[in-house]
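Please open the structure in your viewer and keep the sequence panel visible. This tour proposes a series of selections and states what is found at each.

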Amino acid sequence: MFDRLSSLVIALTLVAVAAIFAGLAGGDALTITLLAAAGAAAAAIVHAAVPGAPPDFDGGTGAPEPEAPPPSLLRHPDFARWADQEREPLIGTADNVVTIANDAAVRLLGRHIVGADIRTAIRHPAATEGLAAADGASPPPPIDLVDFPRSGQRWTLRIAELSGGDRIIFLSDRSAIDAADRMRSDFVANASHELRTPLAAILGYVETLHDLTGETDVPTRRRFLSIIEREARRMQQLVIDLLSISRVEADRFRRPTTPVDLAAIVRTTIAQLQDSEEARPKDIVALPGDTAVPVLGDEAQLAQLVHNIISNALKYGRAGTPVTVELIPEDADRVRLSVSDEGDGIAPDHLPRLTERFYRVDEARSRSVGGTGLGLAIVKHIAERHRGQLDIASEPGKGTRVSVVFPLAA
Ligand SMILES: Nc1ncnc2c1ncn2[C@@H]1O[C@H](COP(=O)(O)OP(=O)(O)OP(=O)(O)O)[C@@H](O)[C@H]1O
Ligand SMILES: [Mg+2]
């Protein structure tokens, strides 16, 4: 309520007033002196016990203390720790000078950027322009860095404005998203092209049939009709393949939970291929064994995978040479489905691209045997969904071995 000095003054005043009243009331001088001394001593003790006023910051001048600037976020020890945990590059700048760069930024731009001007650290005209335009008032829009850091790549740059001219600059890689977009549009273009070719042939032959006069020989008509039928079947097969690829893709993250017997699926598929009009049914040498091979799987999809791999070996192998289908234990938990042929093989350059949609080593040859170039793309997706590992090994002139290692059902 009162500070220390005021309390002391009030206490001594009260002692003096009490002594005067005591004198007026007729008290003797010794008693009044003793009481006044006791009161003064009590006031001194209380004065010593009451806490003093807080120290004066302005040194007693009375002027208001200027507000200290807030500590910089960039210099906080937790900031560096957090920044290094971020997977994307992150840079802190103070007045356009890089004061901190996380591990990802150092990997992307080099360690030398710390201490450099941000415009030299990120050498890109759009970055220079965007960083200069950011005024600290409104949140700056993301900046597109095309062909950064190398041609064909794209990154985006975002600026977070802090107080005191500090900034955090975030970089994110958009190259993979662009590649996926490109793949999607390539896929649509390729699919349209694949459908357009047989469609053009069908329309051409239908027109020719229309133009034929009544007495044209029956064999010519038959030939044209069978071409139309073949091309229509190609289109049908293409649509079936496109539908199955999109179905497998839609189920990509849903692992099958039903135990199925892979050996039985292989036996059934081989029997179907041998019953079909395949050119070389007798060349299939099946060694799947009699014991059941349990895997968690989608029976129809696994049958399609087996069918696609074996029919490739039949199509691209040499007539009269064996196509060997085996189920070999890989280790205690896995089994390898292996299909080997003794065909012309595939040159190493093509191997990494075989599972791309519509990719064919020899387009004319594949087309002539009715291939759409989707078979191995479907195989890859089905294998992935079943946590299987696809492996294609080939020796030009000797043959090819396509295998998928599946985890066994516990
Ligand atoms: N066993 C093999 N031997 C040699 N080349 C092969 C073999 N398997 C696949 N290829 C090559 O890989 C390409 C892609 O195969 P994929 O199964 O994806 O397509 P496709 O057989 O042409 O058409 P689809 O299977 O859709 O009918 C083939 O065009 C062929 O050139
Ligand atoms: Mg194929």
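The stops below go from the domains to a helix, a sheet, a ligand and one residue. Please note at the outset that this is a predicted model.

**Stop 1: the domains.** Colour the protein chain by its domain assignment, which gives domain 1 (4–49), domain 2 (74–173), domain 3 (181–249) and domain 4 (255–407). Then select domain 2 and domain 3, whose C-alpha centres lie 53 Å apart.

**Stop 2: helix H8.** Select residues 218–250, which form helix H8. At 1.5 Å a residue, the 33 residues of this helix should span 48 Å, and the end C-alpha atoms are indeed 48 Å apart, so the two values agree. Which residues of H8 are buried? They are Arg234, Asp241 and Val248. To see what covers these residues, add helix H7 (175–211), helix H10 (299–316) and helix H12 (375–385), which are among the covering elements.

**Stop 3: the sheet.** Next, display the five strands that form an open sheet with mixed pairing, in the order S7-S9-S10-S12-S11. At its edges stand strand S7 (284–287) and strand S11 (389–395); each has a single partner strand, so one side of each lacks a neighbour in the sheet. On average, neighbouring strands here are turned by 20 degrees against each other, direction ignored.

Select S7 together with strand S9 (residues 323–331): the two run parallel and are joined by four bridges. Within this pair, alanine 286 stands opposite valine 325 of S9.

Now bring back H10, which lies across S7, S9, strand S10 (334–341) and strand S12 (399–407). Its direction is at about 25 degrees to that of S10.

**Stop 4: ligand 1.** Select ligand 1 and the 22 residues around it; Tyr316, Val361, Gly371, Gly375 and Leu376 come nearest. The elements giving two or more residues to this shell are H10 and H12. Which element gives the most? H10 does, with four residues.

**Stop 5: tyrosine 316.** Finally, select tyrosine 316, which is found in helix H10. Is this residue buried or exposed? Tyrosine 316 is buried, because 21 other C-beta atoms lie within 10 Å, and 20 or more are needed for a residue to count as buried. Leaving aside residues up to four places away in sequence, tyrosine 316 touches Asp341, Gly343 and Asp344. Serine 366 is 50 residues from tyrosine 316 along the chain, yet their C-alpha atoms are separated by 8.4 Å.

Key
Residues are numbered from 1 along each chain as its sequence is written. Chains are lettered from A and ligands numbered from 1 in the order in which they are written. This is a predicted model: local features need pLDDT of at least 70, side-chain atom pairs count only at pLDDT 80 or more; totals for chains, interfaces and linings use all residues. Domain bounds come from an automatic or database domain assignment. The expected span of a helix is 1.5 Å times one less than its number of residues. A residue is buried if 20 or more other C-beta atoms lie within 10 Å of its own, exposed if 12 or fewer, and partly exposed in between; C-beta atoms are placed from the backbone. Two residues are in contact if their C-beta atoms, placed from the backbone, lie within 7 Å. Two strands pair if DSSP finds at least two bridges between them. Axes are lines fitted to C-alpha atoms, for helices over the stretch in contact, and angles run from 0 to 180 degrees between N-to-C directions. A residue is near a molecule or strand if its C-beta atom, placed from the backbone, lies within 6 Å of it.
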